[in-house]
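User: Hey, I've got a structure open and don't know where to start. Can you walk me through it?
Analyst: Sure, let's have a look together.

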Amino acid sequence: MANVRTILIADDDSDIREVVRILLESEGFNVVEAKDGNDAVNQISPDIDLYILDVMMPGKSGYQVCREIRASSSAPVLFLTAKSQDGDKSMGFSSGGDDYLPKPFSYTELTARVKALIRRYYVYGGKEESGQGKKIVIRDLTIDKDACEVKVNGNDVLLTDIEYRMLLLMAENRRKVFSAQNLYESIWNEPYFYSCNNTIMVHIRNLRRKIEPDAEAPVYIKTVWGKGYRID
C-alpha cells in the first residue's frame, strides 16, 4: 500500500483551509492546517511532502515562510493566492516556490497541480531510488543521480525540485543550447507562453546563486544571448 502523503495548507481564511482540506483528503492525502505564517513556520517538518501557502498572511507572508522552508527542505511549495501579476509570481519563484495558482481556483486544477508536484518530488527529489547509480561531474559540481543530490566543492547544495530537474536536464545535454521554451516545456510539461520567460529567468538566477562561485560571472550555466542557456 502506498504511503499517505502529507500536505500543509497555510491560509488565514478558515473557509479556504476547510475546502482545500476536504478536497485533498478525498484524494487520499493527509492534510494539516496552519492559520497564519508563524503557525506554518512552526509546523515545518521532514514529514511534510507539499506546502500550500497563501501569500498574504498575518505574522509572516507566504514568501517569508517559503524561504524558511527552503533552509531545511526541498519539498515542493505551491502558492495559492489572489495575487497573480507577473511580479508576484517572480517573488514566489525567487523565494523558492515551485508553482503558483491564483484564486479563485478550479478544484480540478488544484488537485492536478498537487499530484504533479508530489509525483515530481518523489521521482526526482531523492525520495525514491532511481537505480541508475550514476554521477555527473563538471569541474567542482557533482550531480549524484542515484541520490538526487548536488554538491559544489564537496558541499551539499539544497535545490528545489524544479531547480534540480533544470540543472540535470542541461548537465545531461552539455553544450546543447536550451531556449526558454525548451526548458519550460521540458520541466513543466505545459504549453509555453512568452510570459513564461520570466519564470525561467528567475529559476536560472536561483540556480546560479546556489551553484556558481560568482552568480554574476557564471562558469556552469552560460547564457547564449538571444538563444538560451547551456552547460559546457
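**Chatting through the model**

Analyst: One thing up front: this is a predicted model. A good place to start is helix 6, where the buried residues are Asp 161, Ile 162, Glu 163, Tyr 164, Arg 165, Met 166, Leu 167, Leu 168, Leu 169, Met 170 and Ala 171.

User: How many residues of helix 6 are buried, out of how many?
Analyst: 11 of its 12, so helix 6 is mostly covered.

User: And how far apart are its end C-alpha atoms?
Analyst: They're 16 Å apart, which agrees with the 16 Å expected for 12 residues at 1.5 Å a residue.

User: OK, new topic. Which residues have a positive phi without being glycine?
Analyst: Arg 139 is one of them, with phi near 55 degrees, and Arg 175 is another, near 75 degrees.

User: Why is that worth pointing out?
Analyst: Because most residues other than glycine have a negative phi.

User: Where is Arg 175, and is it buried or exposed?
Analyst: Arg 175 is in the loop between helix 6 and helix 7. It counts as exposed because its relative accessible area is 57%, and the cut-off is over 50%.

User: And Arg 139?
Analyst: Arg 139 is in the loop between strand 6 and strand 7, and it's partly exposed at 47%. Ile 138, in strand 6, is buried at 2%.

User: Which residues are joined by a cis peptide bond?
Analyst: Lys 103 and Pro 104, with omega at about -5 degrees. Pro 104 is in the loop between strand 5 and helix 5.

User: Last one: what forms the negative surface patch?
Analyst: Asp 12, Asp 13, Asp 15 and Glu 18. Asp 15 is in helix 1 and is exposed, at 52% relative accessibility.

Technical notes:
Residues are numbered from 1 along each chain as its sequence is written. This is a predicted model: local features need pLDDT of at least 70, side-chain atom pairs count only at pLDDT 80 or more; totals for chains, interfaces and linings use all residues. Side-chain values use heavy atoms; hydrogens and water are left out. Patches are made of residues with over 30% relative accessible area and no salt bridge: like charges are joined within 9 Å, nonpolar side chains (Val, Leu, Ile, Met, Phe, Trp, Tyr) within 5 Å. Accessible areas come from the Shrake-Rupley method with a 1.4 Å probe; for residues, only the protein chains shown count as cover. A salt bridge is a side-chain nitrogen of Lys or Arg within 4 Å of a carboxyl oxygen of Asp or Glu. Lys and Arg count as positive and Asp and Glu as negative; His and the chain ends are not counted. The place of a charge is taken as NZ of Lys, CZ of Arg, CG of Asp or CD of Glu. Helices (H or I, at least four residues) and strands (E, at least two) are DSSP runs, numbered from the N terminus. Buried means under 20% relative accessible area, exposed over 50%, partly exposed in between (1.4 Å probe, protein chains only). The expected span of a helix is 1.5 Å times one less than its number of residues.
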